[in-house]
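Please open the structure in a viewer and keep the sequence panel visible. The tour below proceeds by selection, with a note on what is found at each stop.

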Amino acid sequence: MEEPQSIWSYIAVSDFVVPTPPATDAARGRLRRAWNWAQRSLHPTSAQTNDEMSQWDRPSDELLKLVSPAPDWLDAANELVNTLGDAWFNPEQPARLIQPLVGPPGCDLSHVLQVLAQQKQLPSLPVLDPDPNSILGSSNRWEASLPASAAAETGNETNTEILIVPHLEKWYLRHEDGLSPVRQLVEQFITCRTRVLVGCDSWAWAFLQHAIGIEDILGPPLTLAPLDAVRIDAWFRHTLPVERIEFRRTSNEEPLYPELRDTGDSNEHERSTLPSGRSDILNSLAVNSRGNPGVARANWNACLRTLNPNSDASSALAREPGSLLWVVSPDKLTPPQFPIHSDRMHRFVLHAVLLHGGLSFASLAAILPFSRDEIHRRVSELCRARILDEQSDILRVHLVAYPMVRRDLQSEGFLTDAF
């Protein structure tokens with residue numbers, strides 16, 4: 001019997017191909033985006049009004065935590081070990097001294113590397129202080145030898161043969177004085193002969209290749225293979241609480257996962273095709289997310305609804321709260337939109353945030369040639385539009401908005417990643 005395909009696998013970045021819809025679906029998507037833009041320009045509040053007038057409510061944050069399928073990063077870490085092979089981890093015969101891994105926002109390869117470091121008790125290089133002075137200042141607090149800093153981090157002198165660097169993007173700023181830390185770090189990678197697993201955000205990797213030729217120095221990176229509909233289905237079947245909560249489509253009230261609930265078929269993930277009842281939803285998730293697990297998860301959360309208790313829906317569907325969730329087709333969602341009077345400065349803010357895998361406002365103000373008031377205004381507008389999100393003083397692009405932002409920046413001629 002053929003072995004089931006792993007949900008998580010690794011490929012060369014050059015082999016990455018995003019999931020694509022049929023030509024008819026692609027044409028419909030372009031028409032839908034144009035229609036949404038026209039509707040929003042003519043009637044800015046119509047989308048919000050329609051949502052408020054519908055029979056569906058958004059799930060509570062507590063319920064979303066229960067039904068949001070967090071990836072199994074331990075499984076992804078184990079698959080990375082299999083991909084690299086035992087020889088890479090053998091101190092006598094390392095297959096390669098340095099192996100970069102890159103991925104776009106939402107792939108969370110840094111989490112995979114952190115899990116791997118814990119699993120194998122390997123030292124992990126901490127990120128720099130988000131204060132821009134830690135990179136641009138004259139104190140040079142980041143100047144430390146790799147083996148010494150790695151051993152100090154773990155308290156284990158015997159495991160310095162392999163070093164985990166989860167966040168290379170946190171070792172530079174796009175500034176005339178902001179490349180020294182990453183230059184010296186890379187130089188130590190080469191000179192100390194320590195085997196290194198380097199994780200880096202794909203946007204930062206693209207910039208560092210442009211600025212210092214990072215890929216020419218460290219070698220070609222690996223990345224997570226994009227998730228198609230079948231892999232997303234396998235992921236969801238393993239993580240969604242389908243034994244306790246039923247997921248039904250809003251379009252026809254059909255359950256998304258009837259087989260597992262009714263027959264206990266645990267081998268569904270081994271199939272190469274999907275039942276038609278959920279193939280369209282999962283195909284849309286795969287295409288709209290560009291195969292990105294974090295974006296697919298964020299879109300899945302955006303698709304979930306509960307029944308409005310004040311609606312005139314059939315009372316037969318009014319169950320105990322939390323036992324039934326409804327799923328809107330991803331194609332029916334209205335994606336985040338730029339502020340009505342957006343300008344190029346909004347895009348400079350977003351581009352800077354993406355190039356660094358997230359930035360504090362202080363760092364953003366340090367690298368952009370605009371006044372703090374102008375930057376603050378754009379940041380506030382992008383946060384209100386749910387394009388930017390600020391948590392723990394770090395600004396990041398909302399994952400639901402990420403595909404739209406990437407498409408816009410690419411069309412405006414900004415440097416993007418290879419995905």
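Begin by selecting Phe207, which counts as buried because its relative accessibility is 11%, under the 20% cut-off. The model is a predicted one. Phe207 belongs to helix 9, residues 202–212.

Next, display the surroundings of Phe207. Leaving aside residues up to four places away in sequence, Phe207 touches Tyr172, Arg174, Leu179, Leu355 and Leu415. For Arg174, the C-alpha to C-alpha separation from Phe207 is 8.6 Å, with their positions 33 residues apart in sequence.

Now turn to strand 4, residues 162–165, and colour its side chains by face. Ile162 and Ile164 are buried on one side, and Leu163 and Val165 are buried on the other, so that both faces of the strand are covered. Add strand 5, residues 195–201, to the selection: strands 4 and 5 pair in the parallel sense over 4 bridges. At Ile162, the bridge partner in strand 5 is Arg195. Trace the chain from strand 4 through helix 8 (residues 180–191) to strand 5; this β-α-β crossover is right-handed.

Keep Arg195 selected and add Trp88. The charged end of Arg195 sits over the ring of Trp88, 6.0 Å from its centre. For another such arrangement, select Lys120 and Phe89: Lys120 lies over the face of Phe89, at 5.0 Å from the ring centre.

The next stop concerns aromatic rings. How many aromatic pairs are there? The count comes to 11. Select Phe16 and Phe419: the pair is edge-to-face, because the ring planes stand at 90 degrees, with the centres 4.6 Å apart. Phe16 is in the loop between strand 1 (10–12) and helix 1 (23–42), while Phe419 is in the segment after helix 18 (402–411), so the pair ties together parts that are 403 residues apart in sequence. Are these two residues buried or exposed? Both Phe16 and Phe419 are buried.

Return to Phe207 and add Tyr172. Their rings form a stacked aromatic pair, 5.5 Å centre to centre, with 15 degrees between the planes. This pair links distant parts of the chain, 35 residues apart: Tyr172 is in the loop between strand 4 and helix 8, and Phe207 is in helix 9. Tyr172 is buried, as is Phe207.

Finally, select Trp8, Trp73, Trp235, Phe236, Phe247 and Trp300 together. Ring pairs link these residues into a cluster.

Terms used: Residues are numbered from 1 along each chain as its sequence is written. This is a predicted model: local features need pLDDT of at least 70, side-chain atom pairs count only at pLDDT 80 or more; totals for chains, interfaces and linings use all residues. Side-chain values use heavy atoms; hydrogens and water are left out. Helices (H or I, at least four residues) and strands (E, at least two) are DSSP runs, numbered from the N terminus. Buried means under 20% relative accessible area, exposed over 50%, partly exposed in between (1.4 Å probe, protein chains only). Contact means heavy atoms within 4.5 Å. Two strands pair if DSSP finds at least two bridges between them. A crossover is right-handed if, with the strands pointing away from the viewer, the path from the first strand over the helix to the second runs clockwise. Rings of Phe, Tyr and Trp (its six-membered ring) pair if their centres lie within 6.5 Å; planes under 30 degrees apart count as stacked, over 60 as edge-to-face and the rest as tilted. A charge sits over a ring if NZ of Lys or CZ of Arg is within 6 Å of the ring centre and within 35 degrees of the ring normal.
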